Amino acid sequence: MKKISMRTRVLTGGLTLAALGAGAFGAVSANAATPAAAPAAAVAKADAAAGNTAQSTHLTIEAATEAAQAALDAAEKENQRVSVAVVDRNGNTIVTLRGDGAGPQSYESAEKKAYTAVSWNATTSTLAGRLAQAPNLKDIPGTLFLAGGAPVTANGAPIAGIGVAGAPSGDLDEKFAQAGVATLD
C-alpha cells in the first residue's frame, strides 16, 4: 500500500471542503432567489383586514428637544437648577438636559419621573397620591413616585413623558414639566 504525503492529504482535504462549501452556497443561493413578496403581501393584507396592526405616534427628536428646553427655560426663569428628561412611549430616553448647577441626583430622577408618567399616563403627583392604596407601586424598577413628571399624549394615548428634578419642591418640578408639555399642544 502506497503512503500518501502530508501535502497531498492537505490539498485533497482543502479541495473537498471547497467543493462542499460551493454546494452549500449554491443551495442557499437557490433558496434566496425564491420570491417572498407574495406571502409578505398576503400577511400584510390579512393583518390590515383583521385589525391586527396599529399605528402609533412618536415624538421627533426636534419636538422632544423643544419640550425639554421649554421646561428648562421655565425653571431658569424662576432661578431653579434642574435637569429635564424626555422619554418615549417605551421609556427610552430621547433627550436630557442638565441645567447649570443642577444636582447630580437630578439627572436620574428626571428620567425616572418621565418614565413613571408615561407608564401610567398620569402626572407623578397624581401617582404619588395613589401610593396610599397601592404602596407596592414604588417597588417597580425604574419608577419614581415624586411630583415632577408629566405624560405627553396624542388622541388620549401616552406617547412620551417629561420629567423634571432638582427644584426644592415636586410641585415646581411638575410645573416646569407641564411647561414642556404645553409646547407640544
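Strands β1 (residues 83-88) and β2 (residues 93-98) pair in the antiparallel sense over 5 bridges. β1 is also joined to β4 by 6 bridges, again in the antiparallel sense. Of the 6 residues of β1, 6 are buried. The model is predicted, and the mean pLDDT of the protein chain is 84.

**The β1-β2 hairpin**

- Ala 85 has Thr 96 of β2 as its bridge partner.
- Val 86 of β1 stands opposite Val 95 of β2.
- The hairpin has 4 residues between its strands. Gly 91 takes a positive phi there, near 85°.

**β1 and its two faces**

- In a regular strand, side chains alternate between the two faces of the sheet.
- One side of β1 carries Ser 83, Ala 85 and Val 87. The other carries Val 84, Val 86 and Asp 88.
- Both faces are covered, and the residues named on either side are all buried.
- On the β4 side of the pairing, Ser 83 stands opposite Ala 165.

**Helix α4 against the strands**

- Ser 106 belongs to helix α4, which spans residues 106-120.
- Ser 106 counts as buried because its relative accessibility is 1%, under the 20% cut-off.
- The Ser 106 side chain reaches the backbone oxygen of Gly 103 at 2.6 Å.
- Setting aside neighbours within four places in sequence, Ser 106 contacts Ser 83, Ala 165 and Gly 166.
- Ala 110 is also found in α4. Its relative accessibility is 0%, so Ala 110 counts as buried.
- Beyond neighbours within four places in sequence, Ala 110 is in contact with Ser 83, Val 84 and Ala 85, and with Gly 163, Val 164 and Ala 165.
- Ala 110 and Val 87 are 23 residues apart along the chain. Their C-alpha atoms are separated by 9.9 Å.

**Nonpolar cores**

- The largest nonpolar core has 23 residues. Leu 59, Val 82, Val 84, Val 86, Ile 162, Val 164 and Phe 176 touch the most other members.
- At least two residues of this core come from each of α3 (61-77), β1, β3 (149-154), β4 (157-165) and α6 (170-182).
- Helix α3 gives the most to this core, with 8 residues.
- Apart from this core lies another, of 5 residues. Its members include Ala 122, Leu 127, Leu 137 and Phe 145.
- Val 164 touches Ala 71, Val 82, Ser 83, Val 84 and Ala 110, among others, not counting residues up to four places away in sequence.
- On the same count, the residues touched by Val 164 also include Lys 113, Gly 148, Asp 173, Phe 176 and Ala 177.

**Positive phi outside glycine**

- Asn 121 has phi near 50°, a positive value in a residue other than glycine.
- Asn 121 sits in the loop between α4 and α5 (124-130). Its relative accessible area is 29%, so Asn 121 is partly exposed.
- Asn 155 has a positive phi near 55°, and this residue too is not glycine.
- The loop between β3 and β4 holds Asn 155. With a relative accessibility of 85%, Asn 155 counts as exposed.

**Whole chain**

- The protein chain contains 6 helices and 4 strands. Along the sequence, the pattern is α-α-α-β-β-α-α-β-β-α.
- The chain has 185 residues, of which 32% count as buried.
- Take the contacts between residues at least 6 apart in sequence: 63% of them join residues at least 24 apart.
- The accessible surface of the chain comes to about 11,200 Å². Carbon and sulfur atoms account for 58% of that surface.

**Model confidence**

- A pLDDT of 70 or more is reached by 73% of the residues in the protein chain.
- Over residues 27-35, the pLDDT is below 50. This stretch has 0 contacts in the model beyond near neighbours in sequence.

Terms used. Residues are numbered from 1 along each chain as its sequence is written. This is a predicted model: local features need pLDDT of at least 70, side-chain atom pairs count only at pLDDT 80 or more; totals for chains, interfaces and linings use all residues. Side-chain values use heavy atoms; hydrogens and water are left out. Two strands pair if DSSP finds at least two bridges between them. Buried means under 20% relative accessible area, exposed over 50%, partly exposed in between (1.4 Å probe, protein chains only). A polar contact is a pair of N or O atoms within 3.5 Å; within protein, one must be able to donate a hydrogen and the other to accept it, and residues adjacent in sequence count only if both atoms are side-chain atoms. Contact means heavy atoms within 4.5 Å. pLDDT is the predictor's confidence in each residue, from 0 to 100. Accessible areas come from the Shrake-Rupley method with a 1.4 Å probe; for residues, only the protein chains shown count as cover. A nonpolar core is a set of buried Ala, Val, Leu, Ile, Met, Phe, Trp, Tyr and Cys residues joined through side-chain atoms within 4.5 Å.
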